[in-house]
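Work through the exercises below with the sequence and the 3D structure at hand. Try each task before reading its solution.

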Amino acid sequence: MSSVPDRFPPGFLWGAATSAYQIEGAVAEGGRTPSIWDTFCRTPGKVSGGDSGDVAVDHYHRWRDDVRLMADLGLGAYRFSVSWPRVQPTGRGPAVQRGLDFYRALVDGLLEQGIQPSLTLYHWDLPQELEAAGGWPERETAYRFADYARIVADALGDRVDMWTTLNEPWCSAFLGYGSGVHAPGRTDPVAALRAAHHLNLGHGLAAQVLRSTLPGAKVAISLNPSAIRARSQSPADLDARRRIDALANRVFTGPMFRGAYDADLLRDTAQLTDWSFVRDRDLSVIKHPLDLLGINYYTPSVVSAPTDNAPETGPDQRGSRLDGHGRSAESPWPGADSVEFHRPPGELTTMGWAIDPTGLYDLLMRYTREAPGVPLMITENGAAYDDKPGPDGAVHDPDRIRYLHGHLSAVRRAMRDGADVRGYFLWSLLDNFEWAYGYSKRFGAVYVDYETQARTPKSSARWYAEVARTGALPEPPDLEAGENAT
Ligand code: FCB
């Protein structure tokens, strides 16, 4: 592998990311009430191993150690999410001070170490009571979200500059209400489309709240846009790509950047809904100028029109139709459920996701064109491997180092080609609760022994610390030479 000669510019932000439900635990402490993920985890058969976030990696009690760990690794920024039911139990009414105090202390701890906090308001943990009232398919939830945004902005706006409204609304809408492999586990294509719109609306309303309460704040959203390839250039396969692009990407970027849902999306889904849940002023609310666009990327998708042979997919909960147990679920693609997903070429991570950094390059170039003037931030990128401590107690993860090296090289290449990328957040700081897969998939740069909660930085964490320190990409270890990581 050839080395990347030049460096990332000074000021490029090097961070790591987590989310509340995946790490905090303490689900019944400090006045927190259940979220849809607490309920989903208690529903038999939904989460691999019957796992839940009840304890997770106990970050709620160990956050000081975790901040120290970040400081040891020399991270410049930390992306975390606030648990809505911890600060506004039930999703309505007044805030719970203890919940806000937890995040204030965390943010102060970060700032003391010179680590910039990057706060995400919603990483999938809707208060269960709001789901009982209809959840994201109902318009009211968008207004509840804006109220919650105000609570958090009032409490933390004096010390947090980077604000993200939603994390991956595609997963909330289409995995939560369409395929049902994520909480709340509904399988209703119309509910999924309604949820997508109300998430968009919630984003726009919350962005307005942030803008008016915190004039200096940077307002962002983190999408997980799909890098979609057609399996062939046949008109039918290109049409399959167009359909999935509409549902995976343009259902969000259409209203956000252009103030409209694209005509082809409305046409493809016309059998299901007339979209009359979109009201007159909604689109101007959603088209709120962004200060940053967050991009989460792991793997590309390869699609085709229906074929006679069943396609060979990986155990991918995102693009295909498999749940956390590798079983087939309902389609997350309303109006496009005959499109087939194929296994992309390339090595797979233990998620079954193909490794292909050009997908990240392509997305950065696409949004450079489609959202001119909006700086980009990689808010998630990383890989799961079956990491284990060796006899020496160290955890060597050369595969992850190679994954990171490849993707960071793609980011650098996109920057050379004109993409305005301001930073990179590795997913994830710690091994944690990987949604429907429970604790079976390890994404951390830091290994967590779930019995003792001991944290051990993997060799990728040391490698990444070096990247953050120098802005250069040290060569990854060469597997064939039998070399182990640093
Ligand atoms: C993303 C999620 C994040 C984590 C990674 C692997 O879709 O935002 O919480 O599960 O995938």
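**Exercise 1. Locate Ala-56 and describe its backbone and burial.**

Step 1. Ala-56 sits in the loop between helix H2 (36-41) and helix H3 (59-72). Helices (H or I, at least four residues) and strands (E, at least two) are DSSP runs, numbered from the N terminus.

Step 2. Although Ala-56 is not a glycine, its phi is positive, about 50 degrees.

Step 3. The relative accessible area of Ala-56 is 5%, so this residue is buried. Buried means under 20% relative accessible area, exposed over 50%, and partly exposed in between (1.4 Å probe, protein chains only).

A note on the model: it is predicted, so local features need pLDDT of at least 70 and side-chain atom pairs count only at pLDDT 80 or more, while totals for chains, interfaces and linings use all residues. Residues are numbered from 1 along each chain as its sequence is written, and side-chain values use heavy atoms, with hydrogens and water left out.

**Exercise 2. Do the same for Trp-124.**

Step 1. Trp-124 is in the loop between strand S3 (116-122) and helix H6 (128-132).

Step 2. Its phi is near 85 degrees, a positive value in a residue other than glycine.

Step 3. Trp-124 has 4% relative accessibility and therefore counts as buried.

**Exercise 3. Find two cis peptide bonds and place the second residue of each.**

Step 1. The bond from Ala-183 to Pro-184 is cis, with omega near 10 degrees. Pro-184 belongs to the loop between helix H8 (169-175) and H9.

Step 2. The bond from Trp-427 to Ser-428 is also cis, with omega near 10 degrees. Ser-428 is in the loop between strand S11 (421-427) and strand S12 (446-448).

**Exercise 4. Which residues have the most contacts inside the largest nonpolar core?**

Step 1. A nonpolar core is a set of buried Ala, Val, Leu, Ile, Met, Phe, Trp, Tyr and Cys residues joined through side-chain atoms within 4.5 Å.

Step 2. The largest such core has 161 residues, and those with the most contacts inside it are Trp-37, Trp-163, Phe-174, Leu-293 and Leu-364. Helix H9 (residues 189-213) gives the most to this core, with 12 residues.

Step 3. Take Trp-37 and list its contacts (heavy atoms within 4.5 Å). Leaving out residues up to four places away in sequence, Trp-37 touches Tyr-21, Val-47, Trp-124, His-182, Ala-183, Phe-433, Trp-435 and Ala-436.

**Exercise 5. Describe the surroundings of Ala-17 and Asn-296.**

Step 1. Ala-17 is in strand S1 (residues 13-17). With 0% relative accessibility, Ala-17 counts as buried.

Step 2. The C-alpha atoms of Ala-17 and Phe-80 are separated by 5.9 Å, and the two residues are 63 residues apart along the chain.

Step 3. Not counting residues up to four places away in sequence, the contacts of Ala-17 include Arg-79, Thr-379, Trp-427 and Ser-428.

Step 4. Asn-296 is in strand S7 (residues 292-296). Its relative accessible area is 2%, so Asn-296 is buried.

Step 5. With the same sequence neighbours left out, that is, residues up to four places away, Asn-296 touches Arg-79, Asn-167, Glu-168 and Thr-379, among others.

**Exercise 6. Describe Ile-228.**

Step 1. Ile-228 lies in strand S6 (residues 228-230) and is buried, with a relative accessible area of 12%.

Step 2. Among the residues that Ile-228 touches, not counting those up to four places away in sequence, are Arg-241, Asp-245 and Val-303.

Step 3. Ile-228 and Ser-428 are 200 residues apart along the chain, and their C-alpha atoms are separated by 24 Å.

**Exercise 7. Describe the protein chain as a whole.**

Step 1. The protein chain has 15 helices and 13 strands.

Step 2. For 486 residues, a compact globule would have a radius of gyration near 23 Å, and the 21 Å of the protein chain agrees with this. The radius is taken over C-alpha atoms, and the globule rule is 2.2 Å times the number of residues to the power 0.38.

Step 3. Of the 486 residues in the protein chain, 63% are buried.

Step 4. Consider contacts between residues at least 6 apart in sequence: 78% of them join residues at least 24 apart.
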